[in-house]
Amino acid sequence: MTVALAGLLALTGGAGTARGDVPPAPGWNLRWSDDFTGPDRSLPSAAHWQIDTGHGYPGGPGNWGTGEIQNYTSSPDNLSLDGNGNLRITPLRDGAGNWTSARIETHRADFKAPAGGTLRIEGRIRMPDVTGDAALGYWPAFWALGAPYRGNYWNWPGIGEFDIMENVNGINSVWGVLHCGVNPGGPCNETSGLGASRACPGASCQSAFHTYRFEWDRSVSPNELRWYVDDQLFHSLSQSRFDAATWANMTEHAGYFILLNVAVGGAFPDALAGRTPTAATVPGRPMLVDYVAVWTRGGGGGTTPPPSGSSQLYLRTDGGAGDATAPAATVTLAPAAGGNHDGTPHNPQVFTSGPLTRAYNGGSTQFDLLVDAGTTVAGGQQVRVSYDRTGDGAWDRTETYQYFATDPVAGYEHYTQARGLKSATGTHGDLTGGKVRIEVWSAIGNGGSTLGVGNQSLVRIPFG
């Protein structure tokens with residue numbers, strides 16, 4: 001739900017087909033984008049997106065925490081490019097009445113307004129072209145979740161959620177909503193959140209493409225959050241509305257990841273139409289997405305300033321790790337070949353950062369590694385993070401985490417520190433010309449696996 005600058009409405013709003021590119025935005029720096037070019041029925045870029053499947057995250061709340069009823073799949077019947085420059089997410093119902101649909105999220109989870117600047121997240125979208133009783137239960141959305149949700153799944157809504165575009169039951173309206181604080185109640189009135197809605201300008205939301213934009217403005221004090229449709233502001237919230245802890249919990253972390261999905265049924269549709277969908281609901285009406293893009297303006301110029309008192313290390317193909325991201329890529333993790341290497345690195349991929357001179361902040365290591373074992377069963381990856389305070393070759397602190405059992409379904413999964421420590425030796429202290437070493441290997445299983453690097457996997461070390 002981003003807003004284009006003055007004059008961009010003619011380029012990005014209204015009815016029509018895909019533009020074929022991401023529009024220019026004078027005064028803004030384009031940080032990330034996808035315009036969904038590719039053959040008909042191909043999946044969206046694996047470098048940009050991961051596909052969510054099933055009825056919830058492993059270990060997370062059922063039915064995605066909202067009561068929605070569909071099963072998310074990676075089938076091109078539910079999720080694909082249309083060959084004309086659009087992403088197509090199509091909810092379907094089988095003969096037994098079971099619904100399927102699709103949900104994707106960016107690999108990157110570091111979209112954040114730079115200090116003193118503004119973040120802009122924008123998408124040009126045509127909602128499913130269905131209205132009235134035939135639309136009951138349709139719930140398309142374009143939104144963003146705070147990065148700490150990955151691997152936890154129980155810290156919502158404190159980590160923040162920006163609903164850039166939501167629609168329900170084919171109503172000619174766009175909702176923009178902020179979720180934060182605690183549930184129920186709290187400063188964001190959960191579970192409803194703090195929202196506003198309006199009809200789409202000109203043609204209805206369902207009959208045409210419209211541009212939806214969200215801005216997080218840190219160039220003003222107090223900071224502001226703003227929601228737009230076709231360059232028209234319809235919702236805004238000021239930092240002054242929230243207590244300091246609530247604001248910090250949703251803004252002082254690594255950033256946000258972006259999601260696109262079409263749910264069926266659940267709390268929002270039910271609230272407006274009773275139990276949905278009904279026998280009158282018509283399947284097969286897709287949401288079309290022309291592009292999604294992220295810009296920044298002013299401030300430090302990036303989207304990923306590290307949280308106060310910590311440092312982010314992105315893994316790279318050259319065996320390094322550093323604050324700067326690189327294009328998405330993968331490296332191969334050698335198979336455990338039937339052995340049990342739980343706790344002991346075996347043919348690991350090794351990433352080293354240094355020399356580093358930074359003060360220990362009293363915190364702990366965090367990480368989010370994207371791993372995939374394809375269709376291999378009974379495999380698991382493991383990580384060890386070691387700290388050499390002075391760069392003399394003596395590892396003063398070593399942390400080995402419980403291995404992560406990957407599922408036998410193709411597609412990346414998130415391995416995070418939430419798996420827990422298996423063992424730790426030594427103590428932390430300030431780094432003075434020190435080094436950090438990250439080792440990732442296959443702890444169990446016969447098959448190999450892959451690890452996402454570049455802008456996909458990161459380790460956050462407790463140093464400022």
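A residue counts as buried when its relative accessible area is under 20%. That cut-off is the place to start in this predicted model.

Take strand 11, which spans 161-166. Six of its six residues are buried, so strand 11 is largely enclosed by the rest of the structure.

Strand 11 has a partner in strand 10. Five bridges join the two, and they run antiparallel. One pair fixes the register: L145 stands opposite E161 of strand 11. Strand 12 is joined to strand 11 as well, by four bridges, and this pair is also antiparallel. Here E161 stands opposite H179 of strand 12. E161 therefore appears in both pairings, facing L145 and H179, and it belongs to a strand that is buried in six of six residues.

These strands lead to the largest pocket. Strand 10 (138-146), strand 11 (161-166) and strand 12 (174-179) are among the elements that each supply at least two residues of its lining. Strand 17 (256-264) and helix 3 (267-273) do so too. The volume of this pocket is about 830 Å³. Its lining counts 33 residues, and T66, W139, W156, H179 and T191 are the closest to the centre. H179 is thus both a residue close to the pocket centre and the one opposite E161. By class, the lining holds 18 nonpolar, ten polar and five charged residues.

Where does the second largest pocket draw its lining from? Strand 2 (49-52) and strand 27 (413-416) each supply at least two residues. The volume of the second largest pocket is about 690 Å³. It is lined by 30 residues, of which I51, D407, G411, Y412 and E413 are the closest to its centre. The lining divides into 15 nonpolar, ten polar and five charged residues.

One further residue deserves a look. F463 sits in the segment that follows strand 31 (458-461). Is F463 buried or exposed? F463 is buried, because its relative accessible area is 0%, and the cut-off is under 20%. F463 also has a partner distant in sequence. A359 lies 104 residues away along the chain, yet the C-alpha atoms of F463 and A359 are 5.3 Å apart in space.

Conventions:
Residues are numbered from 1 along each chain as its sequence is written. This is a predicted model: local features need pLDDT of at least 70, side-chain atom pairs count only at pLDDT 80 or more; totals for chains, interfaces and linings use all residues. Side-chain values use heavy atoms; hydrogens and water are left out. On a 1 Å grid over the protein atoms alone, a cavity is a set of points where a 1.4 Å probe fits but cannot get out, and a pocket is an open set with protein on both sides within 12 Å along at least five of seven lines; lining residues have an atom within 4 Å of a point. Grid points are joined across faces, edges and corners, and a volume is the space filled by probe spheres set on the points. Ala, Val, Leu, Ile, Met, Phe, Trp, Tyr, Cys and Pro count as nonpolar, Asp, Glu, Lys and Arg as charged, and the others, Gly among them, as polar. Buried means under 20% relative accessible area, exposed over 50%, partly exposed in between (1.4 Å probe, protein chains only). Two strands pair if DSSP finds at least two bridges between them.
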